[in-house]
Amino acid sequence: MEEPTDTEVVRILQARAALFQSIRTFFSERGFVEVDTPAIVPSPGLDVHLSALEVRGPDGGPVGWLATSPEYQMKRLLAAGATRVFQLGKSFRADEQGPFHEREFTMLEWYRTRATSDDVMADTEALIASLAGASRRPEAGSLTKTWERRTVDEVMREHAGSGADDFKDDEAFFRAWVDHVQPKLGVDAPVFVVDWPRSMASLAQLNADGTADRFEGFYRGVELCNGFGELTDPVEQRTRFEHDQQTRSAAGLPVYPIDEKFIQALEHGIPPSAGNALGVDRLLMLLEGADSIQAVMPFPEERT
């Protein structure tokens, strides 16, 4: 990547600052409280497709991991009585590098009690339409359009030729997804893909038909967000975590501990809730018409 000129760096700083301010205004006007959770956490999450950066102390002993997401800590705030929270800050994931990935990136997450995934998809659509409408760049125009909603099974049949349940395992599913499906999503207007296979429920509750109450948002083949109608059952969540640990072990991946304080928060009680995690650098990239998130970051890894 060529070094940006000083003028380009300043312009990106201004664009990021304006975006952050607009995001904060959007949520403040809707009664959300901005929160600040730890960067170093006792468990970085057990998703098989995520790798975390370990933090060690002066004696070389493990201290924890850099957070791959603030999700556990934000949901603990829901258990403490918060009703609408958002966070705009850094998250970290090892072994992620490419046009849409950096090991350190900016994440927006928000959670609402007494809300459904439909409510949070409406939040997402309104937020991005507002940000795109304020943009002076023609590339942002399509982000003001109404978001289509498609099921995972529909888009898999259309673009991969097989239903969501026709693959032998999740790895085969994701290979087909990355190669044949995702690049064709949201070409003309953004789209939410809903009703994921049960095996990919993660921290989402299940729908009546057994699919996961999970949605992902895409525009021009880029994944922008990943949200859930939240699972609040501590027994089911522990079972899923233990299964994830077994899967990671069988695959030769690091096995992270279960966050017991998060499980305790679920035991204490979280009202029916929904939330979303949105990649801010990716959003700015699309608003700016850039071809990589590095182009809209003042200090991507290769320039630190």
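Here are some numbered notes on a predicted model, written for someone opening the structure for the first time.

1. Start with the nonpolar cores. The largest has 38 residues, and within it F27, L108 and W110 touch the most other members. Apart from that core lies another one, made of 21 residues, with L46, V85, A204 and I270 among them.

2. L108 is a handy residue to click on. Setting aside its neighbours within four places in sequence, L108 is in contact with I23, F27, F86, Q87, L88 and L127. Further along the chain, L108 also contacts N276, A277, L278 and V280. Keep F27 in mind too, since F27 turns up again in the packing of helix 1 against helix 3.

3. Next, have a look at S91, which sits in strand 5, residues 84-92. Is S91 buried or exposed? Its relative accessibility is 1%, so S91 counts as buried; the cut-off for that label is under 20%. Once neighbours within four places in sequence are left out, the contacts of S91 are A67, T68, S69 and P70, plus R103, E104, F105 and M107.

4. Now for helix 1 (residues 6-29) and helix 3. Two packed helices are described by the angle between their axes and the distance between the axes. For this pair, the angle is about 140° and the axes are 10 Å apart. That makes helix 1 oblique to helix 3. The crossing of helix 1 past helix 3 is right-handed. On the helix 1 side the contact is made by L19, S22, I23, F26 and F27, and on the helix 3 side by D123, A126, L127 and L131. Sorted by class, the residues where helix 1 meets helix 3 are seven nonpolar, one polar and one charged.

5. Helix 1 has a second partner to check, helix 8. Here the axes come within 11 Å and cross at roughly 115°. Helix 1 and helix 8 are therefore roughly perpendicular to each other. Helix 1 passes helix 8 in a right-handed crossing. Helix 1 brings R11, A15, R16, L19 and F20 to this contact, while helix 8 brings V280, D281, L284, L287 and E288. The contact of helix 1 with helix 8 has six nonpolar and four charged residues, with no polar ones. L19 is worth highlighting, as L19 is listed in the contact with helix 3 and also in the contact with helix 8.

6. Stay on helix 8, residues 280-288, for a moment. How many of its residues are buried? Nine of the nine, so helix 8 is largely enclosed by the rest of the structure. The buried set includes V280, L283, L284, M285, L286 and L287. D281, R282 and E288 are buried as well.

7. What follows helix 8? G289 is in the segment after helix 8, and G289 has a positive phi of about 70°. With a relative accessible area of 43%, G289 is partly exposed. G289 also pairs up with a residue a long way off in the chain: G289 and A140 are 149 residues apart in sequence, yet 7.4 Å apart in space, C-alpha to C-alpha.

8. Another helix pair to view is helix 6 (residues 234-250) with helix 7 (residues 260-268). Their axes come within 9 Å and cross at roughly 155°. That makes helix 6 roughly antiparallel to helix 7, because angles over 145 degrees get that label. In helix 6, P234, Q237, R238 and F241 meet E260, F262, I263, L266 and E267 in helix 7. By class, the contact of helix 6 with helix 7 has five nonpolar, one polar and three charged residues.

9. Finally, a couple of backbone angles to look over. Most residues other than glycine have a negative phi. R114 is not a glycine, but has a positive phi of about 55°. R114 lies in the loop between strand 6 (104-113) and helix 3 (117-134), and at 66% relative accessibility R114 counts as exposed. D195 also has a positive phi, near 60°, and is a residue other than glycine. D195 lies in strand 8, residues 191-196. With a relative accessibility of 27%, D195 counts as partly exposed.

Conventions. Residues are numbered from 1 along each chain as its sequence is written. This is a predicted model: local features need pLDDT of at least 70, side-chain atom pairs count only at pLDDT 80 or more; totals for chains, interfaces and linings use all residues. Side-chain values use heavy atoms; hydrogens and water are left out. Helices (H or I, at least four residues) and strands (E, at least two) are DSSP runs, numbered from the N terminus. Buried means under 20% relative accessible area, exposed over 50%, partly exposed in between (1.4 Å probe, protein chains only). Contact means heavy atoms within 4.5 Å. A nonpolar core is a set of buried Ala, Val, Leu, Ile, Met, Phe, Trp, Tyr and Cys residues joined through side-chain atoms within 4.5 Å. Axes are lines fitted to C-alpha atoms, for helices over the stretch in contact, and angles run from 0 to 180 degrees between N-to-C directions. Angles under 35 degrees count as roughly parallel, over 145 as roughly antiparallel, 65 to 115 as roughly perpendicular and the rest as oblique. A crossing is left-handed if the near helix is turned anticlockwise from the far one by less than a right angle, and right-handed if clockwise. Ala, Val, Leu, Ile, Met, Phe, Trp, Tyr, Cys and Pro count as nonpolar, Asp, Glu, Lys and Arg as charged, and the others, Gly among them, as polar.
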